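Biologist: Please take a close look at how neighbouring helices pack against one another in this protein. A connected account, set in the context of the whole chain, would be welcome.

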Amino acid sequence: MANVTDLQTKYSKLAQEYSKLRAQNQVLKKGVVDEQANSASFKEQLKQRDQSLRKQEQEMDSLSFRNQQLAKRVELLQEELASKADSPSQHGLETQSVFDEDLQKKIEENERLHIQFYEADEQHRRQVAELMTRLQELEKDSEQHQAVVDGLTAKYMETIERLQSDKARLEVKAQTLEREAKECRMRTEECQQQLRRCQSELNRQVKQSSSVIQEKVPFNDTKFGDYNSLNVPPHNRRHQLKARDLSGQALSFIQDLVAALLNFHSYTEQRVHIYPLDSSIEPISPLNQKFSQYLHENAAYVRPLEDSCLQLHQSITEDTVTVMETVVKLKSFADNFSSYTHYLQKILPYQLKSLEEESNTPLCTAALIAKNQELQSDMKRVTSVFEKLQSYIYLLALPSVRQDAMPQSSTSAVFTQLAGCLHSLHDAIKEMSKHYNQKAGLEQDLPTITQKLCTTTECLLGSLGSLTSSTGKIATFFSNNLDFFTSSGYSPRGSTVPLNPLQAESMLANKKKAAAYIHAIKKARPLSVPYKEALSNRRILTSSTESREGLTQQVHQSQEKIARLEQEKEHWLLEAQLGKVRLEKENQRIADLETQLATAVGGSQHSQPAAASTLAQSLEEVEKEQKPAGRETTLCTSLVGMLCTTPTVDHMGDEESREQLIKTHYMARVGELTTQLQISDSKAVHFHSECRALAKRLAIAEKSRETLSEEVKLANQNITRLQDELATTKRSYEDQLSMMSDHLCSMNETLSKQREEIDTLKLGSKGNAKKNKGR
């Protein structure tokens with residue numbers, strides 16, 4: 001319940017944090033919307049400025065056209081004045097003055113219009129530059145705001161997703177805790193019911209046993225130590241199984257130790273034959289010869305350790321009583337270990353002298369001499385530790401030879417000291433292995449080193465590593481099971497006197513007799529088959545014999561069908577390979593087509609200049625067609641850079657020529673704009689189709705991504721839920737198994753006590769009956 005309260009508190013804090021983040025997100029969204037509105041207003045103002053600019057450009061075009069008309073009219077008037085200059089008159093002078101005044105006014109008006117147009121153009125350019133600068137700044141601000149908003153949105157979305165996942169995980173955890181609490185309450189109720197049943201049953205059995213004891217038992221010998229020591233102790237099967245398991249583990253460790261010792265002594269012998277003198281080239285020293293001879297005998301001392309340990313393991317079975325007084329095979333193991341210890345003491349002086357001889361070689365450096373001295377001290381230490389182990393093992397083997405050789409209270413101390421000696425042996429061999437490694441590294445630098453010596457040294461280092469590992473495992477194994485070794489597994493109930501081997505043999509003999517008797521009375525009679533069942537079995541046998549041929553034929557047909565299917569399988573495999581090759585070719589062709597299509601789409605971007613050139617060619621064709629018809633063409637260039645052809649006729653008037661020029665100009669502009677509009681429409685249609693296709697693909701990808709993300713979330717939730725359920729189930733099963741094991745152990749002990757008491761009561765009642773009969 002405390003976990004559920006903590007989860008609720010954590011969830012409330014997460015909800016408050018989420019509400020704060022949501023409010024901040026609303027404020028940021030409002031700021032982004034305001035900025036977008038300002039940007040839209042500025043874009044609208046820019047659009048209005050562009051419209052006014054286009055309007056002024058149109059007015060400028062019309063003014064330039066009107067100026068050209070006035071210039072032509074002035075030219076015509078000048079020509080007329082030049083033709084009438086030969087006959088001057090007062091009327092001509094007045095007309096000339098009127099025309100001059102009119103011309104002067106038009107020129108002034110034209111200058112004024114040009115100045116206004118230039119000023120308006122400059123002002124418009126300044127305004128456009130200012131608006132463009134401001135628009136760029138606003139766009140930068142908008143992009144920055146948008147980036148900030150996107151970052152905050154992504155951050156808030158991640159926070160929301162994390163909070164939602166935390167919420168879901170907490171909900172799952174809360175549900176799991178509630179389910180576990182419910183299961184615990186149910187198990188508690190079941191255990192309480194079972195406890196009540198056990199208590200009632202035990203009370204009943206106690207009452208029954210008490211009444212039987214009071215009525216049937218005339219004398220209770222368990223109250224007196226002298227009499228109780230004569231009782232046969234109960235057989236502890238669990239202790240026996242544990243002892244056999246530990247003896248098996250000890251056997252495997254001893255086998256590893258024996259293999260490591262054999263390798264160590266054998267590779268030491270090979271090294272003596274190689275260094276400091278090679279026996280294949282020149283004879284080695286007498287000391288090393290004697291040392292090699294002793295090392296060659298190592299198997300005779302090491303192998304018996306494994307054999308005696310194997311015999312000890314085989315002597316410990318489920319039906320025996322394993323205590324220090326009954327383990328007879330431990331004495332042979334102790335004798336073999338003692339002989340190996342004497343062997344180590346015998347070869348120790350030769351080892352020390354051999355290392356001293358290596359130190360006396362001319363090429364031996366000071367570092368190698370120091371390492372040899374360290375190895376000498378290590379070997380002395382290892383031999384002394386083996387001597388201590390031999391003493392403790394011999395002490396443990398004494399009770400099996402003589403019952404009063406060692407008191408029961410000293411056994412625990414001996415086992416504790418033995419465990420400490422095993423750790424000391426591991427440390428000593430570990431130190432020796434380290435010094436040998438350092439020595440091997442120094443020997444690599446010697447000029448007289450050979451490949452054979454390097455190989456032997458590597459093997460020797462490997463055997464030392466195995467020896468270190470095996471001794472460490474033995475020390476750890478002994479320390480972990482020290483409580484079992486020091487505990488007394490067998491003793492008469494209520495007595496502190498150790499078990500007598502004669503009592504153990506008596507108990508085992510009685511157990512074998514009882515087991516043989518139970519097996520004899522429970523021997524089942526041989527079963528006989530009823531008559532109807534025998535008839536039905538005969539019919540089944542006959543029908544199966546008749547259908548054997550049909551089944552054989554079906555088997556042949558099935559085998560033929562399997563062979564045919566295998567052939568078809570090979571055929572379809574070949575077809576699949578061919579189809580794969582064709583698919584690769586089609587994929588390559590599709591890739592080439594996509595490349596060509598991309599090239600064609602890229603070429604469409606240059607279609608506008610082509611359209612302009614096409615328009616120019618069409619204008620040239622129009623000129624060629626107009627020339628044969630007797631028309632004259634006049635080229636005029638407007639301020640916007642448009643080139644147009646204006647057909648004129650000699651007898652055409654001023655108004656008609658002006659209208660024709662305006663019409664031709666605007667028709668050319670309309671044609672050009674139409675061409676550009678068509679090109680733009682085609683591009684827009686193309687881009688629209690591409691955008692629609694990309695949008696569809698994006699929508700499909702988004703849907704698939706969402707679907708996959710949902711599936712991943714569901715899968716992760718399922719995995720988390722299954723892991724929680726598995727852990728809960730495993731923990732509940734382990735608790736139940738431990739509880740049931742403890743309960744079964746207590747029940748078995750209770751039943752064994754009751755059976756022993758009942759057997760005691762029966763024996764007492766039989767003895768009383770015999771005494772009464774004798775009287």
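Modeller: What follows describes two helix pairs, with the overall chain before them and several individual residues after them.

The model is a predicted one. The protein contains 16 helices and two strands. Of its 775 residues, 25% count as buried. When contacts between residues at least 6 apart in sequence are considered, 83% of them join residues at least 24 apart.

The pair α4 and α5 comes first in this account. Helix α4 covers residues 237-274 and helix α5 covers residues 286-296; they pack at an angle of about 160°, and their axes are 9 Å apart. Because angles over 145 degrees count as roughly antiparallel, α4 is roughly antiparallel to α5. The crossing in which α4 passes α5 is left-handed. On the α4 side, the contact is made by H265, T268, E269, V272 and H273, and on the α5 side by N288, F291, S292, L295 and H296. By residue class, this contact of α4 with α5 divides into three nonpolar, six polar and one charged.

The pair α6 and α7 can be described in the same terms. Helix α6 (residues 298-315) packs with helix α7 (residues 329-359) at an angle of about 165°, and the axes of the two are 9 Å apart. The helices α6 and α7 are therefore roughly antiparallel to each other. Their crossing, too, is left-handed. From α6, the residues that take part are N298, Y301, V302, P304, L305, S308, C309, Q311, L312 and S315; in α7 they meet K329, L330, S332, F333, N336, F337, S339, Y340, Y343 and K346. The residues of the contact of α6 with α7 divide into 11 nonpolar, seven polar and two charged.

One further residue of α7 deserves attention. S359 is placed in helix α7. With a relative accessibility of 14%, S359 counts as buried, because the limit for that class is under 20%. Leaving aside residues up to four places away in sequence, S359 touches C364, I369 and N372.

Helix α2 offers two residues for a look at burial and exposure. Q205 has its place in helix α2, which spans residues 90-216. Q205 counts as buried, at 12% relative accessibility. Residues up to four places away in sequence not being counted, Q205 touches T750 and Q754. K155 also lies in helix α2. K155, in contrast, is exposed, and its relative accessible area is 52%. The C-alpha atoms of K155 and L21 are 9.9 Å apart in space, although the two residues are 134 residues apart in sequence.

Finally, the cysteines may be considered. A disulfide is a covalent bond between the sulfur atoms of two cysteines. With a cut-off of within 2.5 Å for a pair of cysteine sulfur atoms, the count comes to zero disulfides. As for accessibility, C191 counts as partly exposed at 27% relative accessibility, whereas C198 counts as buried at 16%.

To return to the packing in question, α4 is roughly antiparallel to α5, and α6 and α7 are likewise roughly antiparallel to each other. In residue class, the contact of α4 with α5 includes six polar residues, while that of α6 with α7 includes 11 nonpolar ones.

Definitions and conventions
Residues numbered from 1 in each chain as written. Predicted model: local features only at pLDDT ≥ 70, side-chain atom pairs only at ≥ 80, totals over all residues. Heavy atoms only, no water. Axes fitted to C-alpha atoms, helices over the stretch in contact; angles between N-to-C directions. Helix = DSSP H or I, 4+ residues; strand = E, 2+ residues; numbered from the N terminus. Parallel < 35°, antiparallel > 145°, perpendicular 65-115°, else oblique. Left-handed = near helix turned anticlockwise from the far one by under 90°. Contact = heavy atoms within 4.5 Å. Nonpolar A, V, L, I, M, F, W, Y, C, P; charged D, E, K, R; others polar. Buried < 20%, exposed > 50% of the residue type's maximum accessible area, 1.4 Å probe, protein only.
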